[in-house]
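Here is a short briefing for you to read alongside the structure. Its topic is a helix and the core around it.

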Amino acid sequence: MNTVITRNDARSGARDASMNDTAPASIAANATDSTASATGASLPVPEGIKTVGNITSPDPVFSCRNVNVFYGEKQAIKNLSIDVGRKEVLAMIGPSGCGKSTFLRCLNRMNDTIFGARVEGRILLDGNDIHERRQDVVQLRARVGMVFQKPNPFPKSIFENVAYGPRIHGLAADRAELDDIVQSSLRRAGLWEEVKDRLDQPGTSLSGGQQQRLCIARTIAVNPEVILMDEPCSALDPIATAKIEDLIDELRQSYSICIVTHSMQQAARVSQRTAYFHLGDLIEVGETNRIFTNPRAKLTEDYSTGRFG
């Protein structure tokens, strides 16, 4: 497929997040001129940025600036700039078609697989541009895993669903080590006790909620830094949804998580920061509690109070 990729040349706590939200833009811009940590750096804030709130993070795993995404002639993302903090959950909310999932796919270059897609701007993962020619996309997608809207287990056994990634990436020296990785991943996904006696059965034989947790186990089996979730609970019942949300809260102790959701209640429950999208623009970003109780942008307020969307 002839996907065109263009690159422009040109979890902190709630208290820290709240303080960042109230910082003047000039202070935030100056703060980002220095390296935030040894492994990741926040790029300078673009001049004339229209997004309300502080887009930066004191310790970003991702730093994105002036990201534009086109599908043919249609622009889906417009000059988006935001950091994703290390070991935080960033919820992305907004009406359908506003660009949430498109931006999510930018973070592990899934848009490469879409014919006619074009991405402009800079996206740094731990300080390295993910669009550099030397970047191995397979390795990138191991570091930045993805859980999709509908559970998509492989047509393999439960064991092989989880073992597949570590095997192809050479993460296990022998069968015993592979067994340990599978068991550990299933435990972390909260699924081990439910499937330990039927690992040889097809992954597709599980319930919808179990399949989604199997897909999460498959993702964390390759030890990623970031987990992307595109409406992971939209096809699940309330009980299965609660289990996934509890799992997200546990996983954020080890991973950065970006979740797209249409449920503002879910965003409020699982995230520390929230970003509101509207028609391809990032309207507002900030500490989750503030976004839902004291939004600064009129569009954010209208959406969060149900006036549209």
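The points below cover the model, its cores and one helix.

This is a predicted model, in which local features need pLDDT of at least 70, side-chain atom pairs count only at pLDDT 80 or more, and totals for chains, interfaces and linings use all residues. Residues are numbered from 1 along each chain as its sequence is written, and side-chain values use heavy atoms, with hydrogens and water left out.

**Nonpolar cores**
- The largest nonpolar core (buried Ala, Val, Leu, Ile, Met, Phe, Trp, Tyr and Cys residues joined through side-chain atoms within 4.5 Å) has 42 residues, and L186, I227, M229, I248 and L251 touch the most other members.
- Helix α9 (residues 238-251; helices are DSSP runs of H or I, at least four residues, numbered from the N terminus) gives this core its largest share, 5 residues.
- Another core, of 33 residues, lies apart from it, and I55, C64, V84 and I130 are among its members.

**Two faces of α9**
- The buried residues of α9 (under 20% relative accessible area, 1.4 Å probe, protein chains only) are A240, T241, I244, E245, L247, I248 and L251.
- Seen down the axis of α9, these buried residues fall within an arc of 160° (taken from the directions from the helix axis to the C-beta atoms), so they line one face of the helix.
- Turned away from that buried side are P238, I239 and E250, which are exposed (over 50% relative accessible area).

**Packing and helix start**
- The buried residues of α9 pack against elements including α6 (175-188), α8 (208-220) and α10 (264-270).
- At the start of α9, a side-chain oxygen of D237 comes to within 3.0 Å of the backbone nitrogen of I239.

Conventions
Helix = DSSP H or I, 4+ residues; strand = E, 2+ residues; numbered from the N terminus. Contact = heavy atoms within 4.5 Å. Polar contact = N/O pair within 3.5 Å; in protein donor to acceptor, adjacent residues only side chain to side chain.
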